[in-house]
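Here's a walk through one protein chain, written for someone who'd rather look at the structure than read a table. Keep the viewer open and follow along.

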Amino acid sequence: MIEFVLDGRSKVNTYVQLVQQVKQALRVGLLAPGDQLPKVREVAQSLAINPNTVLKAYRELEIEGLAEGRPGVGTFITASLHREALVNQAELRAELVDWVRRAQAVGLTAEEVTALVATTMRATFPASLTKEPA
């Protein structure tokens, strides 16, 4: 099950952060059709946010056809964003973890690593592929 984390310094709305995290989990195969999202009350309590914020995020996922609310039961994933191109993701992730640890070892902060990755992405990928994930 997904565990949500909020970035309090982000300029991105809280509900959008939740939507983005679900989409990221779908892209990398951590969530799949049939999986249940955490209960609204649980998310609201664990993140100390208004339950309506969680409901808004879940509603957005429903509008996009990625989830379905079942009254009295919960919200379930109904679609996948996982692509076959991610088959080798475990190996790539392991390499990325090693790289991030090397960056930490030379003294880079999380913000500096994020900036380095973002600028490298913009320089390497076509503009259409570097847009912020929705």
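## The hairpin

β1 and β2 run antiparallel, and 4 bridges join them. If you want one pairing to click on, take Ala67: its bridge partner in β2 is Ile77. Between the two strands sit 3 residues, and in this hairpin Gly72 takes a positive phi near 80°. Bear in mind that all of this comes from a predicted model.

## The chain as a whole

Stepping back, the chain has 5 helices and 2 strands. Going along the sequence, they come in the pattern α-α-α-β-β-α-α, so the hairpin has helices on either side of it in that order. The chain counts 134 residues, and 25% of them are buried. As for contacts with a separation of 6 or more, 54% are between residues 24 or more positions apart.

## Helix α1

Does the length of α1 come out as expected, and what is that length? The helix covers residues 14-27, and at 1.5 Å a residue its 14 residues should span 20 Å; the end C-alpha atoms are 20 Å apart, which agrees.

Is α1 mostly covered or mostly open? Mostly covered: 10 of its 14 residues are buried. The buried ones in α1 are Tyr15, Gln17, Leu18, Val19, Gln20, Gln21, Val22, Lys23, Ala25 and Leu26. What lies over these buried residues includes α2 (40-47), α3 and β2, which means that β2 of the hairpin also turns up in the surroundings of α1.

## Two glutamines in α1

Gln17 is part of helix α1. With a relative accessibility of 8%, Gln17 counts as buried, because buried is under 20%. Apart from neighbours within four places in sequence, Gln17 is in contact with Val5, Leu6, Asp7, Ser10 and Val12.

Gln21 also lies in helix α1. Its relative accessibility is 15%, and Gln21 therefore counts as buried too. Not counting residues up to four places away in sequence, Gln21 touches Ile2, Glu3, Phe4 and Val5. Val5 is on the contact list of Gln17 and on that of Gln21.

## The start of the chain

Met1 sits in the segment before α1. Buried or exposed? Met1 counts as exposed, at 72% relative accessibility.

Exposed or not, Met1 has partners further along. Once neighbours within four places in sequence are set aside, Met1 is in contact with Gln36 and Pro38. Leu30 is 29 residues from Met1 along the chain, and the two C-alpha atoms are separated by 8.0 Å.

## Two loop residues with positive phi

After α1 comes Gly29, with a positive phi near 85°. Gly29 lies in the loop between α1 and α2. Its relative accessible area is 38%, and Gly29 is therefore partly exposed. Which residue far off in sequence is worth selecting alongside Gly29? Try His82: it is 53 residues from Gly29 in sequence, but 5.6 Å away in space, C-alpha to C-alpha.

Now move on to Ala48, in the loop between α2 and α3. Phi of Ala48 is near 55°, a positive value in a residue other than glycine. Ala48 is exposed, since its relative accessible area is 69% and the cut-off for exposed is over 50%.

## The second largest pocket

Rolling a probe the size of a water molecule over the atoms shows where empty space is left. The second largest pocket has a volume of about 230 Å³. Three elements give two or more residues to the lining of this pocket: α3 (51-63), β1 (67-70) and β2 (74-77). α3 gives the most, with 4 residues.

How many residues line the second largest pocket, and which lie nearest its centre? There are 16 lining residues, and Val40, Gly69, Arg70, Gly74 and Thr75 lie nearest the centre. Sorted by class, the lining has 7 nonpolar, 5 polar and 4 charged residues. Both strands of the hairpin, β1 and β2, are thus among the elements that line this pocket.

Definitions and conventions:
Residues numbered from 1 in each chain as written. Predicted model: local features only at pLDDT ≥ 70, side-chain atom pairs only at ≥ 80, totals over all residues. Heavy atoms only, no water. 1 Å grid on protein atoms, 1.4 Å probe; cavity = no way out; pocket = protein on both sides within 12 Å on 5 of 7 lines; lining within 4 Å. Points joined across faces, edges and corners; volume = space filled by probe spheres on them. Nonpolar A, V, L, I, M, F, W, Y, C, P; charged D, E, K, R; others polar. Pairing = 2+ DSSP bridges. Expected span 1.5 Å × (residues − 1). Buried < 20%, exposed > 50% of the residue type's maximum accessible area, 1.4 Å probe, protein only. Contact = heavy atoms within 4.5 Å.
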